[in-house]
Amino acid sequence: MAYDEIVRDTVTAGARALVIQTNNATYGNTGQPEQQLVMSKLRAVEHGRAVVTAATSGISAVVAPDGTIKQRTEEFTQDVITADLPLRDETTVADRVGATPEWVLAIVGLLSCAAAVLLGRRGRADRRGQQ
């Protein structure tokens with residue numbers, strides 16, 4: 001769930017729903033299981049797919065493609081969830097462009113930093129030359 005390209009590759013390879021397994025035993029009662037559930041909601045919306053998260057000790061859930069949590073369990077609670085999943089074939093903008101926007105923003109940020117450094121040096125040199 002945490003790595004964009006793994007989920008995107010799964011969808012572009014034909015996944016019509018996403019199933020994520022996790023074991024949060026080490027992170028129980030720390031907020032980590034809730035964070036992973038939020039990541040499941042994000043991935044559902046990002047890829048337009050239902051997401052099923054199966055956790056041995058964390059939070060298991062069914063998330064609709066719009067990010068709505070349809071069912072969930074509590075941490076450290078044995079439970080059974082059953083659900084009908086909407087299966088989708090459509091691709092989203094995120095599926096089509098992948099990490100391109102992230103790379104573009106990173107490059108713009110680096111170029112902006114470089115320009116700021118160069119302009120700062122040039123401004124100091126100009127001030128020294130006027131003295």
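The following questions and answers concern helix H2 and the nonpolar core of a predicted model.

Q: Why is histidine 47 called buried?
A: Its relative accessible area is 1%, and buried means under 20%; histidine 47 is therefore buried. This residue lies in helix H2.

Q: What makes the pairing of histidine 47 and aspartate 95 a polar contact?
A: The side chains of the two residues are joined at 2.4 Å. A polar contact requires a pair of N or O atoms within 3.5 Å, so the distance of 2.4 Å satisfies that limit. Asp95 is also among the residues in contact with histidine 47, including Val7, Arg8, Val11 and Thr92, when neighbours within four places in sequence are left aside.

Q: How do you know that the span of H2 is close to the one expected?
A: H2 has 16 residues and reaches 22 Å from its first C-alpha to its last. The expected span is 1.5 Å times one less than the number of residues, which for H2 gives 22 Å; the two values therefore agree closely.

Q: What places the buried residues of H2 on the same side?
A: These residues are Pro33, Gln36, Leu37, Ser40, Arg43, Ala44 and His47. They cover an arc of only 115 degrees around the axis, and therefore lie on the same side of H2. In general, an α-helix has 3.6 residues a turn, so residues three or four places apart point the same way.

Q: Which elements do the buried residues of H2 pack against?
A: They pack against H1, E1, E2, E3, E4 and H3. Leu37 and Ala44 of H2 also belong to the largest nonpolar core, which has 12 residues.

Key
Residues are numbered from 1 along each chain as its sequence is written. This is a predicted model: local features need pLDDT of at least 70, side-chain atom pairs count only at pLDDT 80 or more; totals for chains, interfaces and linings use all residues. Side-chain values use heavy atoms; hydrogens and water are left out. A nonpolar core is a set of buried Ala, Val, Leu, Ile, Met, Phe, Trp, Tyr and Cys residues joined through side-chain atoms within 4.5 Å. Buried means under 20% relative accessible area, exposed over 50%, partly exposed in between (1.4 Å probe, protein chains only). Helices (H or I, at least four residues) and strands (E, at least two) are DSSP runs, numbered from the N terminus. A polar contact is a pair of N or O atoms within 3.5 Å; within protein, one must be able to donate a hydrogen and the other to accept it, and residues adjacent in sequence count only if both atoms are side-chain atoms. Contact means heavy atoms within 4.5 Å. The arc is that of the directions from the helix axis to the C-beta atoms.
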